[in-house]
Amino acid sequence: MKRAALIFGLLLTIAAAPAEAAAQSQPSILDNLQRVLSLRDYNTRVVIAGVSLLGLAAGGIGTFLLLRKRSLTADALSHATLPGIALAFIITTALGGDGRALVWLLLGAFGTGVAAVGVIILIRHTTRIKEDAALGIVLSVFFGAGAALIKLAEQMPQGSAAGLDRFILGRAASMIAADVQAIAVVTVIVLAVCTAFFKEFRLLCFDQSFAGAQGWPVLLLDALLMGMVVAVTVIGLQSVGLVLVVAMLITPAAAARLWTDRLSIMFPLAAAMGALGGAAGAVVSAAAERMPTGPIIVLVCSALFAASLVFGSKRGLLVRAVRHMHLRRRVAEQHLLRALWEMSENAGRVEVRSTFARLKSQRSWSALALRREISRLRRRGWVRLDAQGDISLTNQGRIEAQRVVRNHRLWEMYLITHADIAPTHVDRDADQIEHVLPPDLIERLEGLVEASDARAAMPASPHELPALATGDRP
Amino acid sequence: MSAASIVDASAGSPVSVIGPEHSPTAPVSIHDMTVAYHRKPVLWDVDLDVPQGRLVGIIGPNGAGKSTLIKAALDLVPRVSGEVLIYGKPFRRQRRLVAYVPQRESVDWDFPICAVEVVMMGRYGMMGWCRPVTRAHRRAALQALDRVGMADFADRQISNLSGGQQQRIFLARALAQEARIYFMDEPFASVDAATERAIIAVLTDLKNSGKTVLVVHHDLQTVSQYFDHLIMLNMRVVAHGPTAEVFTPENLARTYGGRLTLLSEAAEALARGGRAV
């Protein structure tokens, strides 16, 4: 947890540092921010609208991508768009057209992206090459070919290939209104398809063999899903670039998963987080001049993820730490109750007072921890201290202690009779489980443990209690 | 040489135990089926009819092709040869009559979904493309959950269920399919005793109402108690028939007593490139 907080802090620092640097030059960062947020600049409006829509689509489709466990496939196919861009440029230029026309470049990217998915599927179905190796091969071969083709394109006498490399890391500033319209169209289609086929995609991602047995065309659904991933990748090339676009797909979905256990919530939440990450990233990079938009967007999305990792309501580290603390507290509490109960049992009397030293010798607990436990149980009214500082159970405490000890012994007896564990060893094993036994399991334990006294109010301990436990003051 | 041709050559060999008398009304009728993974045959020449209204156990050692038999029958893995008929027609046209319980380990139980939503998947086949889940389907799913004693867990996220409870969810999903034939892949694998009793009670119920249930099973001790019909597999059908007749020491020895040297060697050779045979 500490580590995650550290990472989160680090990310914030990284994101904030350039902003501070820019603040020293004129105009100030605040002026800039105000200017950006007021959406006065036409260009800023275009970029913010574009990357927000991109985030919306990427977060949405990314949900299914993540759950289908195809994140690395997305990475491979995004790299595989590079040769398509280069090829589209070379072909259109050779045919006498404008090689830099975005439509053809993106269509080329889409083409090789789809081809990469096809090759991956082909490898998976026809060879014994492992999935990760197949992805590595496809990624490097396509990306390598792309890099070589870009060089080739730059050497062409006609047309100017300069700027083709902007698709590698993205250049949001080059976006124009028509690009945003294209992004909007793809976003609407992707979200509509995801909504329409929500049930089918959920089934595909959860249990593909059951889907297949029911007659759903698994391969076709997979193709539809990956086709949309390619489409979102292509519209993200301009702003985020092919190296980082996979982060737009995966990070919002992974962050959303930490907040919910329902797919019907995770899907819109991931889309919203993607849009937020895109918008915030665009604002930051516009306010801090000369900052690349793509990397900033990815950093903002990562910060959202890191925050979710810590604070996420379903599986966030904070929630888990609190839960763990509660359990530890309950365990310590029950240990103290049981120690006091067993003392009175050994003494053969209900009312037993113990000195602090004797109680401490019962278990391997530190004086500090024991003192804290005693005062906590006192506050709950289960334990009282007399004038000499001796400790004893209250009536209420005795009822509670009886329940705890009973669970412990039932579990011990179960371990001895059903799990073949030696009586001398069950104490420690029972210690781990008894604190979390739910009521229905206790009922079943009572049924299972056939020892005559299992249903008695308090079964005898199946092993000897520590000798010191008898020691109490008369 | 292709895998298919080698397999065809072996079809006339004495490997085949059951006579090819097929009934057109049998719930499941498998004709000369051979299955291979990456050219390595894992099931040779399966040829049998499963009778109506029986609880059928499929047993055999690891790697005997028990799961493969089910998956090939459901078109989940390609067959090299042979066909599977459900009530006399190809499986493709009879999907609605068949329910399936895959192995529990085959899915990710961390998936963001709750129990009743998993069970509802059993109804997807009836809903058709893009149709949303209706209240009637939800009610059917809840009833199926109730039948396996999991009604109280309908809204529980599936990773918060025990292994036995997860297995019961899978059974409930198959029940929600309202099929006539049930294929189950190791429904008793690593479940607690209470779940095993609950599952076998449901399966017996199904059988008594005329349904046919095929179960891949591992525990030989419970075979005669649970199943009235048995398919004993070891890369081919060693024995098939009423449990009382085929569950004999001789058949067990033939099923579990070492892999058939010739078959497994031939399979290895095919996997190497089909030159050695």
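**Figure 1. B:Asp75 and B:Arg79 pair up in a salt bridge in this predicted model.** Let us start in chain B, where the closest N and O atoms of B:Asp75 and B:Arg79 are 3.0 Å apart. How covered are the two partners? B:Asp75 has a relative accessibility of 32%, so this residue counts as partly exposed. B:Arg79, at 27% relative accessibility, is likewise counted as partly exposed. B:Asp75 also has a backbone detail to look for: its phi is positive, at about 65°. This residue comes just after helix α2 of chain B, which is the subject of the next view.

**Figure 2. Helix α2 of chain B is mostly covered.** The helix runs over residues 66-73, and 7 of its 8 residues are buried. Which residues of α2(B) are these? They are B:Lys66, B:Ser67, B:Thr68, B:Leu69, B:Ile70, B:Ala72 and B:Ala73. If you follow the chain just past the end of this helix, you come to B:Asp75 with its positive phi.

**Figure 3. B:Ser190 and B:Met235 have positive phi values without being glycines.** For B:Ser190, phi is about 45°. This serine sits in the chain B loop that joins β7 (181-184) to α7 (193-208). Is B:Ser190 buried or exposed? Its relative accessibility is 58%, and exposed means over 50%, so B:Ser190 counts as exposed. B:Met235 has a phi near 65° and is placed in the loop between β9 (229-233) and β10 (237-242) of chain B. B:Met235 has a relative accessible area of 3%; buried means under 20%, so this methionine is buried.

**Figure 4. A salt bridge joins A:Asp222 to A:Arg68.** Now we move to chain A. Over all chains, a search of the whole structure finds 21 salt bridges. In the one shown here, the side chains of A:Asp222 and A:Arg68 meet with an N to O distance of 2.8 Å. The pair links distant parts of the chain, 154 residues apart. A:Asp222 belongs to helix α12 (residues 218-237), while A:Arg68 lies in the loop between α3 (42-67) and α4 (71-79). Both A:Asp222 and A:Arg68 are buried.

**Figure 5. A:Arg380 reaches A:Glu333 through a salt bridge.** Their closest N and O atoms are 3.0 Å apart. A:Arg380 is in the chain A loop between α18 and β1 (383-385), whereas A:Glu333 is in helix α16, so the pair ties together parts that are 47 residues apart in sequence. The two partners fall into separate accessibility classes: A:Arg380 is partly exposed at 43% relative accessibility, whereas A:Glu333 is buried at 8%.

**Figure 6. Four arginines of chain A form a positive surface patch.** The members to pick out are A:Arg328, A:Arg329, A:Arg372 and A:Arg379. Which elements give two or more residues to the positive patch? They are α16 (317-347) and α18 (367-379) of chain A. A:Arg372 is a handy residue to zoom in on: it lies in helix α18 and is partly exposed, with a relative accessible area of 46%.

**Figure 7. Three leucines of chain A make a nonpolar patch on the surface.** Here A:Leu30, A:Leu33 and A:Leu37 come together, and they have about 290 Å² of accessible area between them. A:Leu30 is found in helix α2 of chain A, which spans residues 29-37. With a relative accessible area of 60%, A:Leu30 is exposed.

**Figure 8. A:Cys205 is in no disulfide.** How many disulfides are there over all chains? The count comes to 0. For A:Cys205, the nearest cysteine sulfur is that of A:Cys194, 9.6 Å away. A disulfide needs the two sulfur atoms within 2.5 Å. A:Cys205 is buried, with a relative accessible area of 10%. Another cysteine to look at is A:Cys301, which counts as buried at 3% relative accessibility.

Note on methods
Residues are numbered from 1 along each chain as its sequence is written. Chains are lettered from A and ligands numbered from 1 in the order in which they are written. This is a predicted model: local features need pLDDT of at least 70, side-chain atom pairs count only at pLDDT 80 or more; totals for chains, interfaces and linings use all residues. Side-chain values use heavy atoms; hydrogens and water are left out. Patches are made of residues with over 30% relative accessible area and no salt bridge: like charges are joined within 9 Å, nonpolar side chains (Val, Leu, Ile, Met, Phe, Trp, Tyr) within 5 Å. Accessible areas come from the Shrake-Rupley method with a 1.4 Å probe; for residues, only the protein chains shown count as cover. Lys and Arg count as positive and Asp and Glu as negative; His and the chain ends are not counted. The place of a charge is taken as NZ of Lys, CZ of Arg, CG of Asp or CD of Glu. Helices (H or I, at least four residues) and strands (E, at least two) are DSSP runs, numbered from the N terminus. Buried means under 20% relative accessible area, exposed over 50%, partly exposed in between (1.4 Å probe, protein chains only).
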